[in-house]
Amino acid sequence: MDFLRPTTWAEALAAKADQPEAVPIQGGTDVMVEINFDVHRPVSLLDLNKVAELQTIELVDGVYRVGAGVPYVRIIEELPGALPGLAQAARTVGSPQIRNRGSVGGNLGAASPAGDSHPPLLAADAVIEVESRDGGVRLIPAHEFYLGVKRSALRPDELIRAFHMKSAEGPQYFSKVGTRNAMVIAVCSFAVALHPAERRVGTGIGSAAPTPRRALEAEEFLAGELDWDARLDPAVLRRFGELCAAAASPIDDVRGTADYRRHAIAVMARRTLTWAWNDYRKVRAA
């Protein structure tokens with residue numbers, strides 16, 4: 001196995017262009033598990049730890065550009081107010097050691113439907129910045145990034161450089177069901193983000209379909225039925241949960257049944273929307 005270790009972004013792009021089969025690695029929280037269990041034996045590893053360009057956080061015109069190598073712990077510490085849904089999800093990832101090494105960029109690269117960062121990225125309309133030496137930069141909306149189980153829109157010669165997210169315009173929440181409180185892959189997860197200026201609600205479902213996905217019919221339902229100047233109607237809330245559950249297409253596996261996952265998605269959808277709505281009403285009343 002070859003081990004490539006670029007020190008600049010230009011060198012990383014060149015290495016990936018010359019060896020498209022090279023697997024990028026930074027925290028290694030996904031890649032090394034697969035190697036250790038002999039699930040995947042890559043021809044070469046592309047170590048991105050020394051690439052400083054992947055460690056930056058920038059704010060431009062209200063949009064955060066977060067480098068693919070920024071670890072979860074920095075999102076928790078530096079962006080809890082600006083990107084609250086993502087910060088909440090980051091707190092649920094693994095252990096302190098994993099949160100210090102793992103990153104949203106790594107989650108995106110693995111493209112596992114169970115990745116904790118995917119639902120808040122979807123709910124908040126994140127955009128993924130990818131680049132190749134010969135093809136230049138592409139900006140991929142999060143809802144177009146996931147193509148299948150552990151398959152993404154990345155081309156063989158592309159690397160993830162950053163993700164872009166607007167500073168939260170309204171309350172955001174993330175919820176996750178697991179077999180215990182820590183060090184566990186999600187049985188299922190859900191994120192919600194309120195966008196008051198646009199009078200809409202964004203959603204994200206995790207670990208309950210072949211890919212992370214939005215509950216589009218549920219979003220459209222709220223766009224037509226939600227009264228932004230009133231209390232949350234219980235009938236609207238109940239129907240929202242039903243539509244979110246219907247948007248999932250889960251399977252039975254060792255972590256949970258499909259029926260349980262649908263039930264849990266409905267419960268989490270109702271709870272997260274209630275939490276977000278209560279926060280929104282408090283701000284309006286202040």
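**A friendly note on helix packing and salt bridges**

1. Let me start inside helix H10: Glu-242 and Arg-239 are three residues apart there, so about one helical turn separates them. Their side chains meet in a salt bridge, with N to O at 3.1 Å. Please keep in mind that this is a predicted model. Glu-242 has a relative accessible area of 39% and is partly exposed; Arg-239, at 37%, counts as partly exposed too.

2. A network deserves a look as well. Asp-18, Arg-133 and Asp-134 are joined into one network by salt bridges that share partners. For the wider picture, a search of the whole structure finds 17 salt bridges.

3. Helix H3, residues 72–78, offers another pair within one helix: Arg-74 and Glu-78 both lie in it, four residues apart, or about one turn. The closest N and O atoms of their salt bridge are 2.8 Å apart. Arg-74 is partly exposed, at a relative accessible area of 22%, and Glu-78 is also partly exposed, at 43%.

4. Which residue forms a salt bridge with Arg-214? The partner is Glu-219, and the closest N and O atoms are 2.6 Å apart. Here the two ends fall into separate classes of accessibility. Arg-214, at 22% relative accessibility, counts as partly exposed, whereas Glu-219 has a relative accessible area of 8% and is buried, because buried means under 20%.

5. Back to H10, this time for its packing. Helix H10 (residues 234–247) packs with helix H11 (residues 258–285) at an angle of about 135°, and their axes are 8 Å apart. Why is H10 described as oblique to H11? An angle over 145 degrees would count as roughly antiparallel and one of 65 to 115 as roughly perpendicular, so about 135° leaves the pair oblique. The crossing of H10 and H11 is right-handed.

6. If you would like to inspect the contact residue by residue, H10 contributes Leu-237, Arg-238, Phe-240, Gly-241, Cys-244 and Ala-245. From H11 come Arg-262, Ile-265, Ala-266, Ala-269, Arg-270, Leu-273 and Thr-274. By character, the residues of this contact divide into eight nonpolar, two polar and three charged. Among the charged ones are Arg-238 of H10 and Arg-262 of H11, while Gly-241 of H10 and Thr-274 of H11 count as polar.

Methods:
Residues are numbered from 1 along each chain as its sequence is written. This is a predicted model: local features need pLDDT of at least 70, side-chain atom pairs count only at pLDDT 80 or more; totals for chains, interfaces and linings use all residues. Side-chain values use heavy atoms; hydrogens and water are left out. Axes are lines fitted to C-alpha atoms, for helices over the stretch in contact, and angles run from 0 to 180 degrees between N-to-C directions. Helices (H or I, at least four residues) and strands (E, at least two) are DSSP runs, numbered from the N terminus. A crossing is left-handed if the near helix is turned anticlockwise from the far one by less than a right angle, and right-handed if clockwise. Contact means heavy atoms within 4.5 Å. A salt bridge is a side-chain nitrogen of Lys or Arg within 4 Å of a carboxyl oxygen of Asp or Glu. Buried means under 20% relative accessible area, exposed over 50%, partly exposed in between (1.4 Å probe, protein chains only).
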